[in-house]
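Student: I have just opened this structure, and I would like to understand how the words used to describe it are justified. Could we go through it slowly, one label after another?

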Amino acid sequence: MNKALSQIKNHAMTGVSYMIPTVTVGGILLAIALAFSGGANVTNPLLANIETIGSAGMAMLVPVLAGYISYSIAGRPGLVPGLVLGYLAANPVGSGKISTGFLGGLLLGFAAGYMAKWVKTWKVPAFLKPLMPIIIIPLIVAAVIGLLYIYVVAAPLGSVVTFIQVWLKGMSTGSTVILSIIIGCMISFDMGGPMNKIAYTTAVALIATGDGRLMGMAGVAICIPPIGLGIASLILRNKFTSEEKESGKAAIVMGACGITEGAIPFAATDPLRVIPSIMLGSAIGSVIAGLASATDMAPLGGLLVLPVVHQRLMYFAAVIIGAAVVVLMMALLKKRIKQNINV
């Protein structure tokens, strides 16, 4: 059992090690464009092009993670189906136009890898053997798992997403504490996946009605995971690998610019400890912002929006306290590493 878990972790680490440069390059370029434009609307042509390049880098995050997890398991035949399935996870598919983001990519990467590894064992005629790694295995794996994902996962999830969005809008007139906890947990749970997108898009929709309270809660929750984990990687140095420490610096910058995905490299390698920790930190930060009636009238989270935030001091305090909670949880939960892992 321990050996199997160790292998799974090693496969995940391989995916993360290849993914980190895409997060760092894409995230920092995107953060530069947003920082120098002062918000979500980038109008300067040069900054707009930098934003485009950064967005391209961020778009590669989930495909690269899934592709190299699959590659770690099955070798070369696993790479292409992993990349293809990662792309499906990162982009809206199915009748409900659902993207499952990082968590979907993580699962699809493992599914692609293990299926490719199994197909490699098939006995085929001699004339087909040269075609197996470059055509047949990638084709079978991508088609089978891709169709299962679209019809079994994405399609049913569409109706769930619609229901949650309606429910959240109804909750906006209810208990501030309960709503804040829900928003904080949803934003940080999958870091850009469906739960994150539901909370974010609902908050943005309410801005159009003149209500920025939900975006105030969401704006705080959006930046706490990368800022908290980035700070933790710099302070708790014996609990993070050298790669995580480097990505932690970029994560702080990305968090300040409202890019939650900066937390993904940490969550991918230790999800059972990291995800509950960032959910708690984001929930506490959201509650503080909600009780302080902090409002954010920009469709963006993080610290760049402070000029348009009402109760900005409490908004900033909510981010700091939430990030501190994440650091504390990492200190309590995360195990020391015996050595830096470089895959």
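**Reasoning from values to labels**

Tutor: Let us begin with Met171, which is found in helix α6, and keep in mind throughout that this is a predicted model.

Student: Why is Met171 called buried?

Tutor: The relative accessible area of Met171 is 16%, and the word buried is used under 20%, so Met171 with its 16% counts as buried.

Student: Which residues does Met171 touch, leaving aside those up to four places away in sequence?

Tutor: Met171 touches Ile178, Leu179 and Ile182. Contact means heavy atoms within 4.5 Å, whereas the distance between Met171 and Ile182 from C-alpha to C-alpha is 9.8 Å, with 11 residues of separation in sequence.

Student: How do you know that the length of helix α7 agrees with its number of residues?

Tutor: Helix α7 runs over residues 176-189 and has 14 residues, so at 1.5 Å a residue it should span 20 Å. The C-alpha atoms at its ends are 20 Å apart, and therefore the expected span and the modelled one agree.

Student: Which residues of α7 are buried, and what covers them?

Tutor: The buried residues are Leu179, Ser180, Ile182, Ile183, Gly184, Met186, Ile187 and Ser188. Their cover includes α6 (132-171), α8 (194-207), α9 (213-235) and α12 (271-291).

Student: What makes the phi of Met191 worth pointing out?

Tutor: Most residues other than glycine have a negative phi. Met191 is not a glycine, and yet its phi is positive, at about 50°. Met191 is found in the loop between α7 and α8, and with a relative accessibility of 1% it counts as buried.

Student: Where else is there a positive phi in a residue other than glycine?

Tutor: Ser293 has a phi near 60°, and it is found in the loop between α12 and β1 (295-296).

Student: Why is Ser293 called partly exposed?

Tutor: Partly exposed is the label between the limit for buried, under 20%, and the limit for exposed, over 50%. The relative accessible area of Ser293 is 40%, so Ser293 is partly exposed.

Student: How do you know that Asn196 is buried, and what does it touch?

Tutor: Asn196, which lies in helix α8, has a relative accessibility of 7%, and this is under 20%, so it counts as buried. Not counting residues up to four places away in sequence, Asn196 touches Met186, Ile187, Asp190, Met191 and Thr260. A polar atom of the Asn196 side chain also lies 2.7 Å from the backbone oxygen of Ile187.

Student: Why is Val152 called exposed?

Tutor: Val152, in helix α6, has a relative accessible area of 55%, and exposed means over 50%, so the label follows. Val152 is one of the residues of a nonpolar surface patch of about 580 Å², together with Val144, Leu147, Leu148, Tyr151 and Val153.

Student: What makes the pair of Asp211 and Arg213 a salt bridge?

Tutor: The limit for a salt bridge is 4 Å, taken from a side-chain nitrogen of Lys or Arg to a carboxyl oxygen of Asp or Glu. In Asp211 and Arg213 the closest N and O atoms are 3.2 Å apart, so the pair qualifies. Asp211 counts as buried at 18% relative accessibility, whereas Arg213 is partly exposed at 34%.

Student: How many salt bridges does the structure hold, and how are Glu246 and Lys249 placed?

Tutor: The structure holds four salt bridges. Glu246 and Lys249 both lie in helix α10 (residues 242-256), three residues apart, about one turn of the helix. Their side chains meet in a salt bridge at 3.4 Å, N to O, and Lys249 is partly exposed, with a relative accessible area of 45%.

Student: Which residues are linked in a network of salt bridges?

Tutor: The network links Asp270, Arg273 and Lys334. Within it, the closest N and O atoms of Asp270 and Arg273 are 3.2 Å apart. Asp270 is buried, with a relative accessible area of 11%, while Arg273, at 26%, is partly exposed.

Technical notes
Residues numbered from 1 in each chain as written. Predicted model: local features only at pLDDT ≥ 70, side-chain atom pairs only at ≥ 80, totals over all residues. Heavy atoms only, no water. Helix = DSSP H or I, 4+ residues; strand = E, 2+ residues; numbered from the N terminus. Expected span 1.5 Å × (residues − 1). Buried < 20%, exposed > 50% of the residue type's maximum accessible area, 1.4 Å probe, protein only. Polar contact = N/O pair within 3.5 Å; in protein donor to acceptor, adjacent residues only side chain to side chain. Patch = residues over 30% accessible without salt bridge, like charges linked within 9 Å, V, L, I, M, F, W, Y side chains within 5 Å. Areas by Shrake-Rupley, 256 points an atom, 1.4 Å probe, with all protein chains shown as cover.
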